[in-house]
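Look through the sequence and the model below before reading on. The report then goes from the overall make-up to the core, the helix pairs and a few single residues.

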Amino acid sequence: MNTEVIKIKKSLFQNTTIASVERFFSLAVSIFTLPLIVSRFGNGNYGRWVFLLSITNYFLLAQFGVSVSFKKYISEDLAHKKYDSIKEFYCTAFYTLIAISAILIAASGIFGPYIFGFFNIGDTIQNNSRSLFFLVITSCVALLNEIAVSIPQCYQRFDIASYISIVGKILYVSIIYTFFSSNPTIDTMIMAIFISNSAILVLNLIYGYKLFPSLSLSLKYVKKFQLIRMISFGMKIQVAFFANYIANNLDKLLIGKYLGPASIAIYDIGTKIITFLREIPYVFFLIIMPYSSELLASNDLSKVRKVATDFSKYFLMFSSIIFSLIIISGESVLTFWIGKNLNPDSVYVLHVLLVGATVHLSTGILTSILKSAGKMRPEIIGNAAIMVINSILSVTFIYFWGIKGVVWGTSIGFIVGSIVLFYFGTKALEISFVEFMFEIFFIPTINAVLIVGIAIILKKLSYSLEITDVGRLVVHFLAGSTLALADILILMKIKLLPALEFKKK
């Protein structure tokens, strides 16, 4: 292996490591600030805040997916030393995002009163519309950062981009603990995010100019063909992302309409652990894409199919262990994290949604490989199925069972839609669907059933102990952790969890 290849691989390893540190830092910020935000807001205002964030993200879906094209085309132009094209693309993207932001901000001002006249989230229509308006402005600053950060990332300086992101998060935390704790309002939250996003944008712009001094924001570099270039690619990705976002966030709209902001808070708190767990495999999925791209480039399709099957099976085996841990210890973790006023329905939401979310997350290996192959159709169909099933079931079930109906509709949607994705994904890779499903689910499912069964028995036995409620929660957490560790050791011993082989691959 020549020196240049070694340097590239080292750079990829360093970038992945630093990006992982930045991602875990972001998770840590969310974990440590959430109890303060929930306690200072109360369920009503916290639910209102979650709903505002959700609606704001719906507005941002209208950016046509252009931001996903930045790294692709700037990297390509950089590799071919087309520096004038980079300048044109950057300038065109910057002003395109400004134009889109102006439209989104105007739309939020126009449609805000209608949105909050329809949804029941508390406070006045005027106050909610004003908050949405400023939150959309704040989010558009983050949207502009998508082009600003593309230069550092395309120059493989993920380290600097990650450090800049961490600086922004530190600013956010400082404002939350300095100002929000004494003045717990939605305006303060928006101010914290705005200052954080603005700092990140400015620092990325400055560093981008340092790396590429010929960058210019002169309007003469705005080119029509560059606009067509970014939109034509972005729309392909946006279709899959749009369906996925609707599937993951429809529940909050339904709860906001029929049950009110306090129920939104209960539901959101119940999903938080799942949200954080979803972030952990991100870097792993990121690594799968270049690895599978190499195999596809060498036309080693048999190895691609083996990677899809083996890695999915290993991933689900690990997931079955985490699943079992959360089933017995989830209530303890949420109570310790949020406080003793935790609503029991939040625990119910966690347990039911965990099933669907685990199945859906297991599609990550297959979708990463399919993206490397340029095959987006299975993910689009699968996410569309999730969206449709979730919509029909959640709307129906909420009339009968309230918040519990919504979580069942969402979980079933995830399971069925994921199976649809697996079917079309295996078909695209010419893998037997039945054999693939049996291979990846059979042993992990048995493992999860066995360990959950043991956990339920231990949990019931704990109620026969004469200990305090706090002591019982500690017992549940220790029991879950011990079971998970024992399960890992047993699976490794009988070679159902081949850690060394997985590391080699």
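## A core residue: Tyr-46

This is a predicted model. Start with Tyr-46, which, apart from neighbours within four places in sequence, is in contact with Leu-34, Ile-37, Val-38, Phe-41, Ala-265, Asp-268, Ile-269 and Lys-272. Which residues touch the most other members of the largest nonpolar core? They are Tyr-46, Trp-49 and Leu-334, in a core of 101 residues. Helix α1, residues 3–60, contributes the most to this core, namely 16 residues.

There is also a second core, separate from that one, with 24 residues. Among them are Phe-311, Leu-366, Ile-431 and Met-437. As background, nonpolar side chains in soluble globular proteins tend to be buried together.

## Overall make-up

The protein has 18 helices and 0 strands. Of its 505 residues, 50% are buried.

How much of the contact set with a separation of 6 or more comes from residues 24 or more positions apart? The share is 84%.

## Pairs of helices

Two packed helices are described by the angle between their axes and the distance between the axes. Take first helix α3 and helix α4, whose axes come within 9 Å and cross at roughly 165°. Angles over 145 degrees count as roughly antiparallel, and α3 and α4 are therefore roughly antiparallel to each other. The crossing of α3 with α4 is right-handed. In their contact there are 21 nonpolar residues, 7 polar ones and no charged ones.

Helix α14 (residues 377–401) and helix α15 (residues 403–428) have axes that come within 7 Å and cross at roughly 160°. This pair is therefore roughly antiparallel, and the crossing is right-handed. The contact of α14 with α15 is made up of 19 nonpolar, 10 polar and 3 charged residues.

Is the pair of α11 and α16 roughly parallel or roughly antiparallel? The axes of helix α11 (residues 301–338) and helix α16 (residues 433–462) come within 9 Å, and the crossing angle is roughly 15°. Because angles under 35 degrees count as roughly parallel, α11 is roughly parallel to α16. The crossing of α11 and α16 is right-handed. Their contact holds 16 nonpolar, 5 polar and 4 charged residues.

## Three buried residues in helices

Residues under 20% relative accessible area are called buried. Phe-180 belongs to helix α6, residues 158–180. Its relative accessible area is 0%, so Phe-180 is buried. Phe-180 and Arg-40 are 140 residues apart along the chain, and their C-alpha atoms are separated by 8.4 Å. Beyond neighbours within four places in sequence, Phe-180 is in contact with residues including Leu-36, Ile-37, Arg-40, Phe-41 and Met-189.

Is Lys-252 buried or exposed? This lysine sits in helix α8, residues 224–258, and with a relative accessible area of 11% Lys-252 is buried. Outside its neighbours within four places in sequence, Lys-252 is in contact with Val-50, Phe-51, Ser-54, Ile-264 and Asp-268. Asp-268 is also among the contacts of Tyr-46. The C-alpha atoms of Lys-252 and Val-406 are separated by 9.1 Å, while the two residues are 154 residues apart along the chain.

Ser-346 is part of helix α12, residues 344–361. At 1% relative accessibility, Ser-346 is buried. Leaving out neighbours within four places in sequence, Ser-346 is in contact with Ile-266, Ile-269, Gly-270 and Leu-334. Of these, Leu-334 has been named already as a member of the largest nonpolar core, and Ile-269 is also in contact with Tyr-46.

## Two loop residues with positive phi

Most residues other than glycine have a negative phi. Asp-123 is not a glycine, yet its phi is positive, at about 60°. Where is Asp-123? The residue lies in the loop between α3 (83–118) and α4 (125–148), and these helices are the roughly antiparallel pair described above.

Lys-495 likewise has a positive phi of about 60° without being a glycine. Lys-495 is located in the loop between α17 (469–493) and α18 (499–504). Residues over 50% relative accessible area are called exposed, so Lys-495, at 69% relative accessibility, is exposed.

Notes: Residues numbered from 1 in each chain as written. Predicted model: local features only at pLDDT ≥ 70, side-chain atom pairs only at ≥ 80, totals over all residues. Heavy atoms only, no water. Core = buried A, V, L, I, M, F, W, Y, C linked by side-chain atoms within 4.5 Å. Buried < 20%, exposed > 50% of the residue type's maximum accessible area, 1.4 Å probe, protein only. Helix = DSSP H or I, 4+ residues; strand = E, 2+ residues; numbered from the N terminus. Contact = heavy atoms within 4.5 Å. Axes fitted to C-alpha atoms, helices over the stretch in contact; angles between N-to-C directions. Parallel < 35°, antiparallel > 145°, perpendicular 65-115°, else oblique. Left-handed = near helix turned anticlockwise from the far one by under 90°. Nonpolar A, V, L, I, M, F, W, Y, C, P; charged D, E, K, R; others polar.
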